[in-house]
Amino acid sequence: MADNSGITSTTGRTSLADSSIFDSKVMETSKENLCIGPTSFVEEEMPQIETRVILVQEAGKQEELIKALKEIKVPFVKMESLEEFESLDTPEFENVFIVMDFEDPVLNELYKTDCRVIGPPVVLSCAQKREPLPFSSRPLYCTSMMNLVLCFTGFKKKEELVRLVTLVHHMGGIIRKDFNSKVTHLVANCTQGEKFRIAVSLGTPIMKPEWIYKAWERRNELDFCASVDDFRNEFKVPPFQDCILSFLGFSDEEKTNMEEMTEMQGGNYLPVGDERCTHLIVEENTVKELPFEPSKKLYVVKQEWFWGSIQMDARAGETMYLYEKANTPELKKSVSLLSLSTPNSNRKRRRLKETLAQLSRETDLSPFPPQTPKSCTKSSKNSTPVPSKQSARWQVAKELYQTESNYVNILATIIQLFQVPLEEEGQRGGPILAPEEIKTIFGSIPDIFDVHTKIKDDLEDLIVNWDESKSIGDIFLKYSKDLVKTYPPFVNFFEMSKETIIKCEKQKPRFHAFLKINQAKPECGRQSLVELLIRPVQRLPSVALLLNDLKKHTAEENPDKSTLEKAIGSLKEVMTHINEDKRKTEAQKQIFDVVYEVDGCPANLLSSHRSLIQRVETISLGEHPCDRGEQVTLFLFNDCLEIARKRHKVIGTFRSPPGHTRPPASLKHIHLMPLSQIKKVLDIRETEDCHNAFALLVRPPTEQANVLLSFQMTSEELPKENWLKMLCRHVANTICKADAENLIYIADPESFEVNTKDMDSTLSRASRAIKKTSKKVTRAFSFSKTPKRALRRALMTSQSSGEGRSPSSNDKHVMSRLSSTSSLAGIPSPSLVSLPSFFERRSHTLSRSTTHLI
């Protein structure tokens, strides 16, 4: 397609539309289209000319403009018509005209006479930033494209190009005819041409024309910038725009995936052989020969072109990825082993051959080959010759070195093939992953690589200079502390790393393409990134087994025997440390899950010394901690009890961060109770009217009497007896009491008015619904939203302040209002009970100052 980006005006600047991007005046000032403030190269003898703003027509009626001009201290006058222009054109002032609408014909008239014209957003922005008015040789409506350098390609219609150029100038942008390194954006109407290829190679964003039109629609937004990523990415030219693809030699699953990716990246697909196709993507490892003779217009490319285009977020050049037929005898012989009829079976056989070949030799396919001494495979003049009859100990030591060398190569492949490119600055199309995602995926892999590189070097030196008395155990003892530092952070968060890879691969097409390209390279041995990253998890147990085997083949009198035992013990300590850290990590994760699940959960629940013991689903049987019949979840921690009820209506109050899909909280926080406040645990006897019930007798610091919290367990997995024993044990640990059994008392349900009868009946559910509705109605029609506790406190204050004087009529009226409002507080609650005598005799009292939750 012709690249008609340059349009030269021959009629001069007779109108705004004719202001071509390459006229003589533009060429003089195009190097710096805009400069802030007055010019600095004015000769000293020239008189100073003051800048004056002229508000044209409707602009003079805008109070906001007038206020902004006063703030930046610029004099202004109003002009109703062009006839007034001559009287205002005086040499004492440099006039700057403000026009409300740049489509108005008055703009062309002013521009013909070389007048400076700006739009209202420029003035308002300058007032906001406390800056002087900018200088521009062209009409400047806003600054949303300030400092952007644009180049155009693929436009055949002159009118469309002139319109786009004019809008860019109105928004403060700069236009260049030829593409160079200073161009910040290429506006393309096609995906061909020299400019397009250069932009792809330089990583310059390639934009659709709609980007300019949409930016112009937002010209009145003061803080808007057309180059911000969120806005710009909506209008980037997708990699497969104007492309129709077909796929040959792929499995059904792979083909379906690639067709979906094609549509996501702006392209279309058709069956193989359709004449409308522009590209044929070939699986070069499977296809023996093309089923038809391709036309000259059809690009026949390898799948690397497909995934490379997605990774770069731009259409890659086809010449580097062209599929070549197997014409040479050597290629024909290798290709003849493949068959289109059974690609899967042949692929499995080929993969098996490669795996066997890899196992039978050193890993020499890696781009970072190990510096393996030749003495490991054959004798060398510079090394100790291998004895004709190799000992079993030497054989195990050699295997240990070979596996260590292969392991170091795998770590190097992970770093150089995956981590380094992802962390590289200036990636085409922007960063593929965020820095925190890269950190989550790779973790401490570089540190593990450094440690094992040292271990491999020491083993290499030992194998080269082999002697039966050489100590292998000392090598691992030497680096045991480093292993403790590097392995737990990676192993404990491996599942999170795996989940991050899977999530990013689904949500980010460029990362998916990046993995496809790199995982297909021979260095990876056809293994995925997840499969490579699991190697550190498996390495230490493997080393421990080899050291055990080495110990078996070590003589008792050999000093390395005891050293190997210590080395094996140190590895076990590392693995134990990993397991312990993993247990702590999982415990902390459980607490975070509770915080996310419970709306309004106190922040002080998060503590390094706290762990979740048990979760129990119950139903409230009293008026505390919530209404009877409410579904209540109890979270037992080692030192406190979190009480939460099921939310009546789940509403996502806050939006999740991008990329996170955590559901809204399903529970509502009621109370976080220290276990020290639990004085007794009541095991309610089983009767016909009471089943699976228990109660807690607590003494909150703010209450003068004991409060009874009664529940019915609904979870069948945990027996009530086990739950109560578990609860009492942790209460006893909190209050430093040895006899946890004395905290449990068996009680009759009638003594405490506890029953579970008809909890699930229709009548009971209807009653609870009516009660909730009545509360909502009461709150809706209440003239005072003051809580009951605050009302009671106000009532007590007013009574105390009124002692010693007779209340006035007005005071009596207020007190009557308060008493009527808080009348519910005066009704004795069944949950506020007096202890029976045998409770009072054996009650355990504590100092409240020592029982608060820290």
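The points below concern two open sheets, the helices on them, and several aromatic contacts in a predicted model.

1. The strands S3, S2, S4 and S5, in that order, make up an open sheet of four strands with parallel pairing. Its edges are strand S3 (76-79) and strand S5 (116-118), each of which pairs on one side only. Direction ignored, neighbouring strands of this sheet are turned by 35° against each other on average.

2. Within that sheet, strand S4 (residues 93-98) runs parallel to S5 and is joined to S5 by three bridges; Val96 has Arg116 in S5 as its bridge partner. Helix H2 (residues 63-71) lies across strand S2 (50-56), S3 and S4, and runs at about 155° to S3.

3. A further open sheet is formed by four strands in the order S8-S7-S9-S10, again with parallel pairing. Strand S8 (174-175) and strand S10 (206-207) stand at its edges with a single partner strand each, so one side of each is left without a neighbour in the sheet. Strand S7 (residues 149-153) and strand S9 (residues 185-188) pair in the parallel sense over four bridges, and Leu150 stands opposite His185 in S9.

4. Two helices that pack on this sheet deserve mention. Helix H6 (residues 158-170) touches S7 and S8, its direction making about 175° with that of S7, whereas helix H7 (residues 194-202) touches S7, S9 and S10, its direction making about 140° with that of S9.

5. The structure holds 15 aromatic pairs. One of them is formed by Phe247 and Phe306, whose contact is edge-to-face, with 5.6 Å centre to centre and 85° between the planes. Because Phe247 lies in strand S11 (residues 244-248) and Phe306 in helix H11 (residues 303-312), this pair ties together parts that are 59 residues apart in sequence.

6. Both members of that pair are inside the cut-off for burial, which is under 20% relative accessible area: Phe247 counts as buried at 4%, and Phe306 is buried at 0%. The rings of Phe490 and Phe494 have centres 6.2 Å apart and planes at 50°, so this pair is classed as tilted; Phe490 and Phe494 are both buried as well.

7. Phe247 and Phe306 also belong to a cluster, linked by ring pairs, that includes Phe240, Phe250, Trp305 and Trp307. As a contact of another kind, Arg219 lies over the face of Tyr141, at 5.7 Å from the ring centre.

Conventions:
Residues are numbered from 1 along each chain as its sequence is written. This is a predicted model: local features need pLDDT of at least 70, side-chain atom pairs count only at pLDDT 80 or more; totals for chains, interfaces and linings use all residues. Side-chain values use heavy atoms; hydrogens and water are left out. Two strands pair if DSSP finds at least two bridges between them. Axes are lines fitted to C-alpha atoms, for helices over the stretch in contact, and angles run from 0 to 180 degrees between N-to-C directions. Contact means heavy atoms within 4.5 Å. Rings of Phe, Tyr and Trp (its six-membered ring) pair if their centres lie within 6.5 Å; planes under 30 degrees apart count as stacked, over 60 as edge-to-face and the rest as tilted. Buried means under 20% relative accessible area, exposed over 50%, partly exposed in between (1.4 Å probe, protein chains only). A charge sits over a ring if NZ of Lys or CZ of Arg is within 6 Å of the ring centre and within 35 degrees of the ring normal.
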